[in-house]
Amino acid sequence: MPFDERNVPTGAGEHLLSLLLAFRAAPNRENWEALSAATNAAAGGDQLAESFNILISALDAADPSATAVADARREAQRALTGVKPPHLVPVGEAPDGQPAPVLWADRDNRLDPVLSEGEICLLSAAGGTGKSYLTLALAASASAAYRDGAAYGDACGLRVRPGPVVLISYEDTDQRIKHRLRTMGKLNDSEHVYILKDPDPLYSVDARSRGRAEESPGWDLLWESIREMHPSLVVIDPAGSALEGAAQGESQPVRAFVRAVERESRNGGWGTLVVAHDNKTHRNAVSTGGDLNSGAVSGSAAWIDAARAILFLRTISNKRRLLTALKANYGTRGWGAQLSEVFSPPNDTFGGFQLDGPVLDEDEVETLLLRLSNEYKPRKSSSSRSSNGRQEENIYEDAV
(Lines give C-alpha, C1' and ligand atoms only; values in the text may rest on other atoms or scores of the structure.)
Protein backbone atom coordinates (compact mmCIF):
# COMPACT_ATOMS: atom_id res chain seq x y z
CA MET A 1 0.00 0.00 0.00
CA PRO A 2 1.51 3.39 -0.96
CA PHE A 3 2.51 5.65 1.90
CA ASP A 4 0.23 8.62 2.48
CA GLU A 5 1.60 10.98 5.15
CA ARG A 6 -1.86 12.50 5.67
CA ASN A 7 -2.86 9.25 7.43
CA VAL A 8 0.10 9.25 9.80
CA PRO A 9 -0.75 10.27 13.39
CA THR A 10 1.24 13.38 14.28
CA GLY A 11 2.56 11.84 17.48
CA ALA A 12 3.87 8.78 15.67
CA GLY A 13 5.50 10.93 13.03
CA GLU A 14 7.25 13.09 15.60
CA HIS A 15 8.41 10.02 17.53
CA LEU A 16 9.90 8.40 14.44
CA LEU A 17 11.47 11.70 13.44
CA SER A 18 13.35 11.82 16.76
CA LEU A 19 14.46 8.19 16.34
CA LEU A 20 15.80 8.82 12.88
CA LEU A 21 17.64 11.96 13.95
CA ALA A 22 19.33 9.93 16.71
CA PHE A 23 20.29 7.25 14.20
CA ARG A 24 21.77 9.77 11.77
CA ALA A 25 23.88 11.27 14.58
CA ALA A 26 25.44 7.86 15.39
CA PRO A 27 24.86 5.26 12.62
CA ASN A 28 26.26 2.17 14.41
CA ARG A 29 24.99 -1.41 14.82
CA GLU A 30 23.53 -0.75 18.28
CA ASN A 31 21.46 2.16 17.00
CA TRP A 32 20.42 0.19 13.94
CA GLU A 33 18.98 -2.57 16.13
CA ALA A 34 17.29 -0.08 18.46
CA LEU A 35 15.78 1.82 15.57
CA SER A 36 14.55 -1.35 13.89
CA ALA A 37 12.82 -2.53 17.07
CA ALA A 38 11.39 0.90 17.86
CA THR A 39 10.13 1.33 14.31
CA ASN A 40 8.23 -1.95 14.47
CA ALA A 41 6.77 -1.00 17.85
CA ALA A 42 5.76 2.48 16.65
CA ALA A 43 4.12 1.28 13.45
CA GLY A 44 0.54 2.06 14.39
CA GLY A 45 -1.02 1.32 11.01
CA ASP A 46 -0.45 -0.32 7.66
CA GLN A 47 0.42 2.97 5.96
CA LEU A 48 3.14 3.81 8.48
CA ALA A 49 4.57 0.27 8.49
CA GLU A 50 4.72 0.26 4.71
CA SER A 51 6.67 3.51 4.64
CA PHE A 52 9.45 1.91 6.70
CA ASN A 53 9.58 -1.44 4.96
CA ILE A 54 12.73 -0.68 3.01
CA LEU A 55 14.45 0.87 6.01
CA ILE A 56 13.69 -2.08 8.31
CA SER A 57 14.98 -4.55 5.71
CA ALA A 58 18.22 -2.64 5.50
CA LEU A 59 18.60 -2.57 9.27
CA ASP A 60 17.83 -6.30 9.73
CA ALA A 61 20.54 -7.23 7.21
CA ALA A 62 22.96 -4.63 8.51
CA ASP A 63 26.69 -5.21 8.24
CA PRO A 64 28.79 -2.67 10.17
CA SER A 65 30.93 -1.70 7.20
CA ALA A 66 31.39 1.75 5.66
CA THR A 67 29.18 0.81 2.72
CA ALA A 68 26.43 -0.48 5.00
CA VAL A 69 26.56 2.66 7.10
CA ALA A 70 26.25 4.81 3.96
CA ASP A 71 23.36 2.73 2.62
CA ALA A 72 21.50 2.83 5.94
CA ARG A 73 22.04 6.58 6.22
CA ARG A 74 20.45 7.11 2.79
CA GLU A 75 17.51 4.89 3.72
CA ALA A 76 17.07 6.87 6.92
CA GLN A 77 17.11 10.15 5.01
CA ARG A 78 14.37 8.97 2.65
CA ALA A 79 12.25 7.73 5.55
CA LEU A 80 12.89 10.94 7.48
CA THR A 81 11.60 12.98 4.55
CA GLY A 82 8.51 10.78 4.39
CA VAL A 83 7.43 11.15 8.02
CA LYS A 84 8.45 14.72 8.83
CA PRO A 85 5.28 16.54 9.95
CA PRO A 86 4.28 19.48 7.72
CA HIS A 87 5.16 22.92 9.06
CA LEU A 88 2.39 25.41 8.31
CA VAL A 89 2.77 29.06 9.38
CA PRO A 90 0.66 32.19 8.80
CA VAL A 91 2.00 34.26 5.93
CA GLY A 92 2.31 37.24 8.27
CA GLU A 93 5.00 35.38 10.22
CA ALA A 94 7.20 34.96 7.14
CA PRO A 95 10.36 37.13 7.03
CA ASP A 96 9.98 40.61 5.52
CA GLY A 97 11.77 41.78 2.40
CA GLN A 98 13.55 39.62 -0.15
CA PRO A 99 16.53 37.27 0.14
CA ALA A 100 19.80 39.21 0.10
CA PRO A 101 21.40 39.37 -3.38
CA VAL A 102 24.75 37.64 -3.85
CA LEU A 103 25.38 38.49 -7.53
CA TRP A 104 23.86 41.42 -9.41
CA ALA A 105 24.52 43.37 -12.61
CA ASP A 106 27.21 46.08 -12.38
CA ARG A 107 24.93 49.10 -12.79
CA ASP A 108 25.04 52.29 -10.75
CA ASN A 109 21.38 53.16 -11.08
CA ARG A 110 19.70 49.94 -9.96
CA LEU A 111 20.07 46.70 -8.02
CA ASP A 112 19.48 43.98 -10.61
CA PRO A 113 19.86 40.59 -8.86
CA VAL A 114 21.00 37.48 -10.69
CA LEU A 115 21.62 35.23 -7.68
CA SER A 116 20.33 35.64 -4.12
CA GLU A 117 20.99 33.64 -0.98
CA GLY A 118 19.21 30.32 -0.89
CA GLU A 119 19.15 30.04 -4.69
CA ILE A 120 21.08 28.48 -7.58
CA CYS A 121 22.42 30.26 -10.66
CA LEU A 122 23.94 28.38 -13.59
CA LEU A 123 26.96 29.67 -15.51
CA SER A 124 26.99 27.95 -18.89
CA ALA A 125 29.52 28.09 -21.72
CA ALA A 126 31.46 25.97 -24.18
CA GLY A 127 34.55 24.17 -22.94
CA GLY A 128 37.63 26.39 -22.90
CA THR A 129 35.66 29.64 -22.95
CA GLY A 130 36.89 30.73 -19.52
CA LYS A 131 34.09 29.82 -17.10
CA SER A 132 36.51 28.87 -14.35
CA TYR A 133 38.48 32.11 -14.72
CA LEU A 134 35.25 34.06 -14.34
CA THR A 135 34.31 32.20 -11.15
CA LEU A 136 37.80 32.77 -9.73
CA ALA A 137 37.53 36.49 -10.47
CA LEU A 138 34.22 36.60 -8.58
CA ALA A 139 35.67 34.60 -5.68
CA ALA A 140 38.71 36.86 -5.33
CA SER A 141 36.54 39.97 -5.56
CA ALA A 142 34.16 38.75 -2.82
CA SER A 143 37.14 37.84 -0.63
CA ALA A 144 38.88 41.21 -1.13
CA ALA A 145 35.67 43.15 -0.44
CA TYR A 146 35.18 41.13 2.75
CA ARG A 147 38.75 41.89 3.84
CA ASP A 148 38.47 45.59 3.05
CA GLY A 149 34.98 46.12 4.46
CA ALA A 150 33.67 47.22 1.04
CA ALA A 151 29.98 47.31 0.15
CA TYR A 152 30.54 44.86 -2.71
CA GLY A 153 33.17 43.38 -4.99
CA ASP A 154 33.03 43.64 -8.77
CA ALA A 155 34.28 41.45 -11.59
CA CYS A 156 33.33 40.85 -15.21
CA GLY A 157 30.15 42.93 -15.23
CA LEU A 158 28.87 41.53 -11.94
CA ARG A 159 28.86 42.78 -8.37
CA VAL A 160 29.27 40.21 -5.62
CA ARG A 161 28.36 40.26 -1.95
CA PRO A 162 31.45 40.40 0.30
CA GLY A 163 32.31 37.21 2.14
CA PRO A 164 34.27 33.99 2.05
CA VAL A 165 33.84 31.79 -1.02
CA VAL A 166 33.97 27.98 -1.19
CA LEU A 167 35.09 26.31 -4.43
CA ILE A 168 34.02 22.72 -5.14
CA SER A 169 36.02 22.01 -8.29
CA TYR A 170 36.08 18.62 -9.99
CA GLU A 171 38.30 19.62 -12.91
CA ASP A 172 41.04 21.73 -11.29
CA THR A 173 43.20 20.76 -8.31
CA ASP A 174 43.91 23.17 -5.48
CA GLN A 175 47.40 23.62 -6.92
CA ARG A 176 46.00 24.57 -10.35
CA ILE A 177 43.51 26.99 -8.81
CA LYS A 178 46.24 28.69 -6.79
CA HIS A 179 48.38 29.00 -9.93
CA ARG A 180 45.50 30.53 -11.86
CA LEU A 181 44.82 33.07 -9.13
CA ARG A 182 48.51 34.00 -9.13
CA THR A 183 48.61 34.51 -12.92
CA MET A 184 45.46 36.62 -12.60
CA GLY A 185 47.18 38.78 -9.98
CA LYS A 186 44.41 37.83 -7.52
CA LEU A 187 46.19 35.50 -5.10
CA ASN A 188 46.69 38.21 -2.46
CA ASP A 189 42.97 38.97 -2.65
CA SER A 190 42.00 35.34 -2.07
CA GLU A 191 42.76 34.79 1.61
CA HIS A 192 39.06 34.04 2.24
CA VAL A 193 38.70 31.62 -0.69
CA TYR A 194 38.48 27.97 0.37
CA ILE A 195 38.96 24.92 -1.85
CA LEU A 196 37.48 21.46 -1.25
CA LYS A 197 40.29 18.99 -1.98
CA ASP A 198 39.49 15.92 -4.09
CA PRO A 199 35.69 16.24 -3.88
CA ASP A 200 33.43 13.24 -4.35
CA PRO A 201 30.15 13.63 -6.28
CA LEU A 202 27.51 15.44 -4.24
CA TYR A 203 24.66 13.38 -5.67
CA SER A 204 24.56 10.13 -7.61
CA VAL A 205 22.02 8.17 -9.60
CA ASP A 206 21.66 4.43 -9.08
CA ALA A 207 20.84 2.84 -12.43
CA ARG A 208 18.87 0.14 -10.62
CA SER A 209 16.56 2.70 -9.02
CA ARG A 210 15.07 4.03 -12.29
CA GLY A 211 16.79 7.38 -12.11
CA ARG A 212 16.40 8.11 -8.40
CA ALA A 213 19.12 10.50 -7.20
CA GLU A 214 20.62 10.23 -3.73
CA GLU A 215 22.91 12.28 -1.54
CA SER A 216 26.51 11.15 -1.23
CA PRO A 217 27.54 9.54 2.09
CA GLY A 218 29.51 12.66 3.04
CA TRP A 219 26.74 15.13 2.22
CA ASP A 220 25.88 16.24 5.76
CA LEU A 221 29.49 16.56 6.89
CA LEU A 222 30.39 18.61 3.82
CA TRP A 223 27.67 21.21 4.29
CA GLU A 224 28.30 21.36 8.01
CA SER A 225 31.93 22.25 7.26
CA ILE A 226 30.89 24.83 4.67
CA ARG A 227 28.47 26.49 7.11
CA GLU A 228 31.38 27.01 9.49
CA MET A 229 33.04 29.20 6.82
CA HIS A 230 29.97 31.51 6.63
CA PRO A 231 30.41 32.00 2.87
CA SER A 232 28.52 34.44 0.70
CA LEU A 233 29.05 32.25 -2.38
CA VAL A 234 29.60 28.54 -3.09
CA VAL A 235 30.82 27.51 -6.56
CA ILE A 236 30.26 23.98 -7.92
CA ASP A 237 32.27 23.27 -11.09
CA PRO A 238 30.98 21.46 -13.13
CA ALA A 239 27.40 20.26 -12.70
CA GLY A 240 27.97 16.98 -14.55
CA SER A 241 30.59 15.84 -12.02
CA ALA A 242 28.65 16.95 -8.95
CA LEU A 243 25.58 15.02 -10.12
CA GLU A 244 26.98 11.64 -11.11
CA GLY A 245 25.27 9.09 -13.33
CA ALA A 246 22.35 11.15 -14.65
CA ALA A 247 21.47 10.06 -18.18
CA GLN A 248 20.90 12.57 -20.97
CA GLY A 249 17.38 13.92 -20.68
CA GLU A 250 16.66 12.63 -17.15
CA SER A 251 14.80 15.31 -15.23
CA GLN A 252 14.16 13.76 -11.80
CA PRO A 253 17.83 13.62 -10.70
CA VAL A 254 18.37 17.25 -11.74
CA ARG A 255 15.34 18.50 -9.81
CA ALA A 256 16.30 16.49 -6.73
CA PHE A 257 19.87 17.78 -6.86
CA VAL A 258 18.84 21.42 -7.28
CA ARG A 259 16.27 21.21 -4.47
CA ALA A 260 18.83 19.69 -2.12
CA VAL A 261 21.52 22.28 -2.93
CA GLU A 262 19.01 25.12 -2.58
CA ARG A 263 17.95 23.75 0.81
CA GLU A 264 21.56 23.82 2.03
CA SER A 265 21.99 27.31 0.55
CA ARG A 266 18.95 28.60 2.45
CA ASN A 267 20.13 27.00 5.69
CA GLY A 268 23.56 28.55 5.31
CA GLY A 269 22.54 31.92 3.85
CA TRP A 270 24.69 31.81 0.71
CA GLY A 271 24.11 31.71 -3.04
CA THR A 272 25.30 28.77 -5.15
CA LEU A 273 26.82 29.22 -8.61
CA VAL A 274 26.88 25.98 -10.62
CA VAL A 275 29.10 25.81 -13.71
CA ALA A 276 27.79 23.82 -16.69
CA HIS A 277 28.66 23.09 -20.32
CA ASP A 278 26.41 24.08 -23.21
CA ASN A 279 26.17 22.50 -26.66
CA LYS A 280 26.91 23.67 -30.19
CA THR A 281 23.28 23.60 -31.30
CA HIS A 282 22.39 26.30 -28.81
CA ARG A 283 25.47 28.38 -29.63
CA ASN A 284 24.64 28.39 -33.32
CA ALA A 285 20.96 29.19 -32.64
CA VAL A 286 21.89 32.22 -30.54
CA SER A 287 24.25 33.42 -33.28
CA THR A 288 21.26 33.92 -35.58
CA GLY A 289 19.04 35.56 -32.97
CA GLY A 290 17.65 32.42 -31.35
CA ASP A 291 16.21 32.54 -27.84
CA LEU A 292 16.88 30.52 -24.71
CA ASN A 293 16.35 26.79 -25.16
CA SER A 294 17.30 23.53 -23.52
CA GLY A 295 20.69 23.54 -25.23
CA ALA A 296 21.87 26.40 -23.02
CA VAL A 297 22.90 23.70 -20.53
CA SER A 298 24.21 20.32 -21.57
CA GLY A 299 22.13 17.38 -20.34
CA SER A 300 18.55 17.47 -19.16
CA ALA A 301 16.29 20.40 -20.06
CA ALA A 302 15.25 20.34 -16.39
CA TRP A 303 18.30 22.51 -15.61
CA ILE A 304 16.57 25.41 -17.37
CA ASP A 305 13.43 25.10 -15.23
CA ALA A 306 15.14 24.30 -11.94
CA ALA A 307 17.71 27.12 -11.84
CA ARG A 308 16.59 30.58 -10.71
CA ALA A 309 18.97 32.27 -13.16
CA ILE A 310 21.29 31.36 -16.03
CA LEU A 311 24.38 33.27 -17.12
CA PHE A 312 25.84 32.44 -20.53
CA LEU A 313 29.46 33.14 -21.50
CA ARG A 314 30.23 33.14 -25.21
CA THR A 315 33.22 34.03 -27.37
CA ILE A 316 32.73 36.97 -29.73
CA SER A 317 36.32 37.08 -31.04
CA ASN A 318 39.65 35.50 -30.22
CA LYS A 319 40.21 37.84 -27.28
CA ARG A 320 36.69 38.93 -26.34
CA ARG A 321 33.75 37.37 -24.51
CA LEU A 322 30.13 38.32 -23.92
CA LEU A 323 28.45 37.47 -20.63
CA THR A 324 24.65 37.57 -20.84
CA ALA A 325 21.76 36.87 -18.48
CA LEU A 326 19.63 34.29 -20.30
CA LYS A 327 17.34 33.88 -17.31
CA ALA A 328 16.76 35.91 -14.16
CA ASN A 329 13.62 35.03 -12.20
CA TYR A 330 13.97 37.98 -9.83
CA GLY A 331 15.90 40.41 -12.01
CA THR A 332 16.22 41.58 -15.61
CA ARG A 333 17.11 39.05 -18.27
CA GLY A 334 18.84 39.90 -21.52
CA TRP A 335 21.54 42.30 -20.29
CA GLY A 336 25.14 41.65 -21.27
CA ALA A 337 28.72 42.59 -20.44
CA GLN A 338 31.55 42.64 -22.96
CA LEU A 339 34.77 41.22 -21.54
CA SER A 340 38.31 41.45 -22.89
CA GLU A 341 41.14 39.03 -22.14
CA VAL A 342 43.90 40.13 -19.80
CA PHE A 343 47.52 39.00 -20.18
CA SER A 344 50.07 39.15 -17.38
CA PRO A 345 53.75 40.07 -17.75
CA PRO A 346 56.50 39.04 -18.12
CA ASN A 347 55.48 36.00 -20.19
CA ASP A 348 52.22 37.40 -21.51
CA THR A 349 50.27 34.71 -19.61
CA PHE A 350 46.49 34.60 -19.90
CA GLY A 351 45.08 36.15 -16.73
CA GLY A 352 41.32 36.14 -17.10
CA PHE A 353 38.94 38.91 -18.18
CA GLN A 354 38.06 42.51 -17.46
CA LEU A 355 34.89 44.47 -18.15
CA ASP A 356 35.17 46.40 -21.42
CA GLY A 357 32.68 49.27 -21.44
CA PRO A 358 29.37 49.66 -19.61
CA VAL A 359 26.91 46.82 -19.08
CA LEU A 360 24.56 46.59 -22.08
CA ASP A 361 20.78 46.40 -21.94
CA GLU A 362 18.79 43.78 -23.83
CA ASP A 363 18.36 45.88 -27.00
CA GLU A 364 22.08 46.65 -27.12
CA VAL A 365 22.93 42.96 -26.72
CA GLU A 366 20.55 42.01 -29.52
CA THR A 367 22.10 44.64 -31.79
CA LEU A 368 25.59 43.35 -31.01
CA LEU A 369 24.65 39.72 -31.68
CA LEU A 370 22.92 40.66 -34.94
CA ARG A 371 26.02 42.52 -36.10
CA LEU A 372 28.24 39.58 -35.19
CA SER A 373 26.00 37.07 -36.96
CA ASN A 374 26.24 39.18 -40.11
CA GLU A 375 30.01 39.67 -39.86
CA TYR A 376 31.06 36.07 -39.19
CA LYS A 377 30.58 33.47 -41.88
CA PRO A 378 30.81 29.68 -41.45
CA ARG A 379 34.29 28.36 -42.12
CA LYS A 380 35.24 24.78 -42.83
CA SER A 381 38.34 24.98 -40.68
CA SER A 382 37.55 23.23 -37.39
CA SER A 383 40.13 24.95 -35.24
CA SER A 384 42.66 27.74 -34.96
CA ARG A 385 44.96 28.99 -32.28
CA SER A 386 44.66 32.26 -30.45
CA SER A 387 47.61 34.53 -29.84
CA ASN A 388 48.21 32.94 -26.43
CA GLY A 389 48.42 29.46 -27.94
CA ARG A 390 45.08 28.10 -26.71
CA GLN A 391 43.00 25.95 -29.02
CA GLU A 392 39.89 27.74 -30.34
CA GLU A 393 36.79 26.45 -32.09
CA ASN A 394 35.97 27.77 -35.54
CA ILE A 395 35.33 31.50 -35.66
CA TYR A 396 31.66 31.26 -36.58
CA GLU A 397 30.86 29.11 -33.56
CA ASP A 398 33.02 31.29 -31.31
CA ALA A 399 31.07 34.35 -32.39
CA VAL A 400 28.07 33.21 -30.41
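This passage describes the fold, the nonpolar cores, the aromatic pairs and some backbone features of a predicted model.

The chain holds 14 helices and 18 strands. Of its 400 residues, 49% are buried. Among contacts between residues at least 6 apart in sequence, 64% join residues that are at least 24 apart. The chain exposes about 19,400 Å², and carbon and sulfur atoms supply 48% of this area.

One element of the fold is an open sheet of four strands. Strands of a sheet pair through backbone hydrogen bonds, in either a parallel or an antiparallel manner. In this sheet the strand order is 2-1-5-4, and the pairing is antiparallel. Strand 2 (113–116) and strand 4 form the edges, each pairing on one side only. From one strand to the next, the twist averages 20°. Strand 1 and strand 2 run antiparallel and are joined by three bridges. Pro101 has Ser116 of strand 2 as its bridge partner. Helix 6 lies across strand 1, strand 4 and strand 5, and runs at about 160° to strand 4.

Helix 6 also has a part in the nonpolar interior. In soluble globular proteins, nonpolar side chains tend to be buried together. The largest nonpolar core of this model contains 41 residues. Helix 6 (residues 131–148) contributes eight residues, the largest share of this core. A second core, separate from this one, has 37 residues, including Val205, Val254, Ala256 and Val274. Within the largest core, the residues with the most contacts are Leu134, Leu167, Leu273, Leu311, Leu323, Trp335 and Leu339. The surroundings of Leu273 can be listed in detail. When its neighbours within four places in sequence are left aside, Leu273 is in contact with Leu103, Leu115, Cys121, Leu122 and Leu123, among others. Its contacts also include Thr135 and Leu138, together with Leu233, Val234, Val235 and Ile236.

Aromatic rings provide a further set of links, with nine aromatic pairs counted in the model. In one of them, the ring centres of Trp104 and Tyr152 are 6.1 Å apart and the ring planes stand at 75°; the pair is therefore edge-to-face, as angles over 60 degrees are classed in this way. Trp104 belongs to strand 1 (residues 101–105), whereas Tyr152 is in the loop between helix 6 and strand 4 (153–155), so the pair ties together parts that are 48 residues apart in sequence. The two partners can also be described by their accessibility. Trp104 counts as buried because its relative accessibility is 9%, which is under the 20% limit. Tyr152, with a relative accessible area of 32%, is partly exposed.

Phe257 and Trp303 form another edge-to-face pair, with ring centres 6.1 Å apart and planes at 75°. Phe257 lies in helix 10 (residues 252–268) and Trp303 lies in helix 12 (residues 302–306), so this pair ties together parts that are 46 residues apart in sequence. Phe257 counts as buried, at 0% relative accessibility. Trp303 likewise counts as buried, at 6% relative accessibility. Both rings belong to a cluster in which ring pairs link Tyr203, Trp219, Trp223, Phe257, Trp270 and Trp303.

Several features of the backbone were also identified. The peptide bond from Asp237 to Pro238 is cis, with omega near -5°. Pro238 is placed in the loop between strand 10 (233–237) and helix 9 (239–242). Cys156 is a residue other than glycine with a positive phi, near 55°. Cys156 is located in the loop between strand 4 and strand 5 (158–160). At 5% relative accessibility, Cys156 counts as buried. Asp198 has a positive phi of about 45°, although it is not a glycine. Its position is in the loop between strand 7 (193–195) and strand 8 (203–205). Asp198 counts as exposed because its relative accessibility is 69%, which is over the 50% limit.

How values were computed
Residues are numbered from 1 along each chain as its sequence is written. This is a predicted model: local features need pLDDT of at least 70, side-chain atom pairs count only at pLDDT 80 or more; totals for chains, interfaces and linings use all residues. Side-chain values use heavy atoms; hydrogens and water are left out. A nonpolar core is a set of buried Ala, Val, Leu, Ile, Met, Phe, Trp, Tyr and Cys residues joined through side-chain atoms within 4.5 Å. Buried means under 20% relative accessible area, exposed over 50%, partly exposed in between (1.4 Å probe, protein chains only). Helices (H or I, at least four residues) and strands (E, at least two) are DSSP runs, numbered from the N terminus. Contact means heavy atoms within 4.5 Å. Rings of Phe, Tyr and Trp (its six-membered ring) pair if their centres lie within 6.5 Å; planes under 30 degrees apart count as stacked, over 60 as edge-to-face and the rest as tilted. Accessible areas come from the Shrake-Rupley method with a 1.4 Å probe; for residues, only the protein chains shown count as cover. Two strands pair if DSSP finds at least two bridges between them. Axes are lines fitted to C-alpha atoms, for helices over the stretch in contact, and angles run from 0 to 180 degrees between N-to-C directions.
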